[in-house]
Amino acid sequence: MCNFIYPVFYYTDNPTISLFQFNFNEKVINKSTALAFLGYCFYILFSSDYNNKTTVNRNMAKRYEISEKVFLSIMGLSFFFFLGFYFTGGFSKLVQVYQGNGSMDEVTSSSYLSILFDCCTLLVASLVFIVNSNRFRVIGLFYLALVVMLYLLTGSRGTSISILLILLVGYSKYIKEINSLVFYIGIISGAIFMYIVSIFRVMRGEYSDSVAEVSSQFKSIFDPFLDIIINNRNLYVLVDFVDEHSSVYFLNIFASVIGVMPGLSFFLNYFSTPDFIISGRLSTYLQFGNNPPFGLGTNMVGEAYLSFGLVGVILVFSLLGGFVRYLRFSSNFYSNLILILLTGFAIFLVRSDYLFFFFFLTWSLLIFYIVTMILASYTKKRGR
C-alpha cells in the first residue's frame, strides 16, 4: 500500500496529492517501485514456511502462561508511567501537536515517561491473553481500552493501532483463530474509524471548521490510507539522493543502534556525519533545510537503499525475513513475545527506518526480564 498505490492509482490523475505537492524526481518512480518489490520478495523468501514446518497448537495460551503477579506488576508499571506522563503534560502536548501548535519532539524529549509507558502498555497487550486468570484478563483488556481511547482523543493513532494489532494477533494465536472474512471486515472497519479520527484531528487544527469541508478533500477509496501512502515520496527522494551522491554505509541507522541505552548519544559528537543523515530526517532536510516547519518522515525501503544501495535493500529485507521466520518456529517464550510485540509495529515500519522497533523491543524485553527476575527472587526468599 505504501509503495504501490501512488504510482498505480494516484500519479496519473492526482500526482500532487498531499505531500507529493513538494518537488521530487519523477524519473525514479519506476526504479523505486522495483526496489520496493525486490525488498518485499526477499522478505517473503526468507520469512516463508517453505519447509512446511508449521504446526497447529491449540493450547498456545497454556504453553506460554504467565502468573498474575507478573501481569499485574507490568500493568502497575504501565499505570505508574501513565500517571507520570499525564502529570508532566504529555497528553496535553500531544493535543497541541495534532492541533498544529506543537512538535512531536516536545512530547518524546520531555521525559522517558512516554517511552516507558508505551513499552509497558505494549507488554500488557502482548501478555493479556496468556495470564492464568480470566479476571485479570478482563481487567487488562479494560485498561487497554481506556488507553486506546485516551490516545485517540488526543488525535494520536500510533500507540492505539499498535495495541489493537497486538490484541488482534494475540487473540487469533492464543484464543481462537480469526477467519479471513472477520479479518478483512476488521481491517476495513479499522481504516474507516481511523479515517474519522483523522477528520476530527484536522478539524481541531487550523485547517477547517466542518466535517463536510474536510471530507470533501478525500476523493479516492485509498484516501483513508494516505498517512501510509504519502511516505512513498520519501522513497523517491532517498533513491534519487543515493543515485546522485552515494549511500551512507549504514550511518543512517547508527543513532537507532546506540540510542537504545540512554546517555550514549554523546558518541554521535565524535562523528562528523550531519544529524539529518543519522536521524531519518534526510527527506525533510532536503526539502526544508535546517529549520523545517514539520517532518516529512522517511521510508523503510528508502532507508535500506540509503544504507548501502541495492545490496542494502536485499540485506535488510532478507535479515528481517529470516528473523521473523526464526521467531515463528521457535518454542522459546521470549521469541514468541518478540514476535507478538513486532506485530504492533507492522504498519508503521514501512514509514520508518528499519530499526525503528529496536528501541521499544529492547526496553520491553528488559522490563519483562527485570520484573520476572525480581518476582522470582522475592518468591524464592519467601519460600525459605
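Select phenylalanine 24 first: its relative accessible area is 15%, so the residue counts as buried, given that buried means under 20%. The model on display is a predicted one, and the tour proceeds from this ring through further side chains of the chain.

**Aromatic pairs**

Add phenylalanine 20 to the selection. This residue is buried as well, with a relative accessible area of 2%. The structure holds 33 aromatic pairs. In the pair formed by phenylalanine 20 and phenylalanine 24, the ring centres are 6.0 Å apart and the planes meet at 70 degrees, so the arrangement is edge-to-face; the angle cut-off for that class is over 60 degrees.

Next, select phenylalanine 129 together with tyrosine 171. Their ring centres are separated by 5.9 Å and their planes stand at 70 degrees, so this pair is also edge-to-face. Phenylalanine 129 lies in the loop between H7 and helix H8 (134-154), whereas tyrosine 171 belongs to helix H9 (residues 158-175); the two are 42 residues apart, and the pair links distant parts of the chain. How buried or exposed is each partner? Phenylalanine 129 is buried, at a relative accessible area of 7%, while tyrosine 171 is partly exposed, at 34%.

Now display Phe79, Phe82, Phe85, Tyr86, Phe87, Phe117 and Tyr151 together: these residues form one aromatic cluster. For a charge placed over a ring, move to arginine 135, which lies over the face of phenylalanine 136 at 4.7 Å from the ring centre.

**Threonine 121 and helix H7**

Select threonine 121, which is located in helix H7 (residues 113-127). Its relative accessibility is 1%, and the residue therefore counts as buried. Which backbone atom lies 2.6 Å from a polar atom of the threonine 121 side chain? The backbone oxygen of phenylalanine 117 does. Phenylalanine 117 has already appeared on this tour as a member of the aromatic cluster.

Expand the selection to the contacts of threonine 121. With residues up to four places away in sequence set aside, threonine 121 touches Ser78, Tyr143, Leu144, Val147 and Ile163.

**Serine 162 and helix H9**

Proceed to serine 162, found in helix H9. Serine 162 is buried, with a relative accessible area of 6%. Apart from neighbours within four places in sequence, its contacts are Leu122, Gly344 and Phe348. Helix H9 also holds tyrosine 171 of the second edge-to-face pair.

**Cysteines**

Colour the cysteine sulfur atoms. A disulfide is a covalent bond between the sulfur atoms of two cysteines. How many disulfides does the structure contain? With a cut-off of 2.5 Å between cysteine sulfur atoms, the count is zero. Cysteine 120 illustrates the result: the nearest cysteine sulfur, that of cysteine 119, is 6.8 Å away, and cysteine 120 is in no disulfide. Cysteine 120 is buried, with a relative accessible area of 0%. Select cysteine 41 for contrast: cysteine 41 is partly exposed, at 34%.

**The salt bridge**

A search of the whole structure finds one salt bridge. To view it, select lysine 31 and aspartate 243, whose closest N and O atoms are 2.9 Å apart. The pair links distant parts of the chain, with lysine 31 in helix H2 (residues 29-47) and aspartate 243 in helix H13 (residues 232-244), 212 residues apart. Are these partners buried or partly exposed? Lysine 31 has a relative accessible area of 38% and is partly exposed; aspartate 243 is likewise partly exposed, at 38%.

**Leucine 319 and helix H17**

Select leucine 319, in helix H17 (residues 300-329). At 56% relative accessibility, leucine 319 counts as exposed, since the cut-off for that class is over 50%. Then add phenylalanine 42: its C-alpha atom is separated from that of leucine 319 by 9.0 Å, although the two residues are 277 residues apart along the chain.

**The whole chain**

Finally, clear the selection and display the full chain. Its secondary structure comprises 19 helices and zero strands. Of the 384 residues, 46% count as buried. Among contacts between residues at least 6 apart in sequence, 75% join residues at least 24 apart. The links viewed earlier include lysine 31 with aspartate 243, 212 residues apart, and phenylalanine 129 with tyrosine 171, 42 residues apart.

Note on methods: Residues numbered from 1 in each chain as written. Predicted model: local features only at pLDDT ≥ 70, side-chain atom pairs only at ≥ 80, totals over all residues. Heavy atoms only, no water. Buried < 20%, exposed > 50% of the residue type's maximum accessible area, 1.4 Å probe, protein only. Helix = DSSP H or I, 4+ residues; strand = E, 2+ residues; numbered from the N terminus. Polar contact = N/O pair within 3.5 Å; in protein donor to acceptor, adjacent residues only side chain to side chain. Contact = heavy atoms within 4.5 Å. Phe/Tyr/Trp six-rings, centres within 6.5 Å; stacked < 30°, edge-to-face > 60°. Lys NZ or Arg CZ within 6 Å of the ring centre and 35° of its normal. Salt bridge = Lys/Arg side-chain N within 4 Å of Asp/Glu carboxyl O.
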